[in-house]
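User: I am new to this structure. Please show me how to read its features.

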Amino acid sequence: MGIIIKDLTKKYGDQLALNKVSFSIDQGEVVGLLGPNGAGKSTLMKSITNAINPDSGEILVNNSSVRENPIETKKQIGFLQENNPLYMEMFVKEYLQFVMNIHGLKKERVEEVIKMVGLTPERHKKIHQLSKGYKQRVGLAQSILSNPEILILDEPTNGLDPNQILEIRDLIREISKDKTIILSTHIMQEVEALCSRVILLNKGEIVADQPIEEFKGQYKSLEEAFQALTK
Ligand SMILES: Nc1ncnc2c1ncn2[C@@H]1O[C@H](COP(=O)(O)OP(=O)(O)OP(=O)(O)O)[C@@H](O)[C@H]1O
């Protein structure tokens, strides 16, 4: 169970975004996906969620092929995309009910998730009226509505103020208790706070895949290790 990636390759025209990437993630692991801008992180996450088609290689989600069973595998994954695209003109609750209808879920689940992510005071506002931190909560709420076993979070605290960063981080920690998580971030403190393992991509290839302490190795900090391995 979990996620298995074998020899995943993706090109955009001449641009090689992923080059024979392979790894596996066990059920319940929280993995930090790191890499400089353009390393291929979003391409990898979009491939796992079937938002784009890789050129070659295989992705198995709970032993089921994403290519062969796109609907079944997508149901098992919650995805918070980079820049968190939302319907800004919708009210918070209306939007979550809309997502709920797509998944064919019970009404009570929306109330449950609104409470879980701390959106109760804002639930009757339109999404464009919310602060960035609360918009991220809406994004997280939609990603966990169907109670997926796997969560893929692409820079979930990007652009938030320090207080909101800590709030969203606490929320992710709470949610991560019974889930398998891939978390992409440029904030090393976030990786230390939430993840047990690091996968580092550079120019479309994996340059490190280790438990955090091992990754740090002889370096003083995660930042130093990151810099040394992505020069
Ligand atoms: N739709 C696209 N068309 C052409 N090239 C693309 C497209 N999407 C990504 N790329 C290229 O593929 C490479 C990997 O991009 P990707 O967005 O996966 O990286 P990333 O690690 O998520 O970067 P960032 O940290 O900046 O979000 C980059 O060179 C990027 O310019």
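Analyst: We take the sheet, the ligand shell and the domains in turn. This is a predicted model, where local features need pLDDT of at least 70, side-chain atom pairs count only at pLDDT 80 or more, and totals for chains, interfaces and linings use all residues. Residues are numbered from 1 along each chain as its sequence is written.

User: In what order do the strands of the open sheet lie?

Analyst: Strands of a sheet pair through backbone hydrogen bonds, either parallel or antiparallel. Here strands are DSSP runs of E with at least two residues, helices are runs of H or I with at least four, and both are numbered from the N terminus. Two strands pair if DSSP finds at least two bridges between them. The order is S2-S1-S4-S5, with antiparallel pairing. S2 (15-25) and S5 (64-65) each have a single partner strand, so one side of each lacks a neighbour in the sheet. Two bridges join S4 (residues 56-61) to S5, and Val61 stands opposite Ser64.

User: Which element gives the most to the shell around the ligand?

Analyst: A residue is near the ligand if its C-beta atom, placed from the backbone, lies within 6 Å of it. Helix H1 (41-48) gives the most, three residues. The surrounding residues include Tyr12, Lys41 and Glu82.

User: Which domains are assigned to the protein chain?

Analyst: Domain bounds come from an automatic or database domain assignment. Domain 1 covers 1-76 + 148-159 + 177-231, and domain 2 covers 85-147. Their centres, taken over C-alpha atoms, are 26 Å apart.
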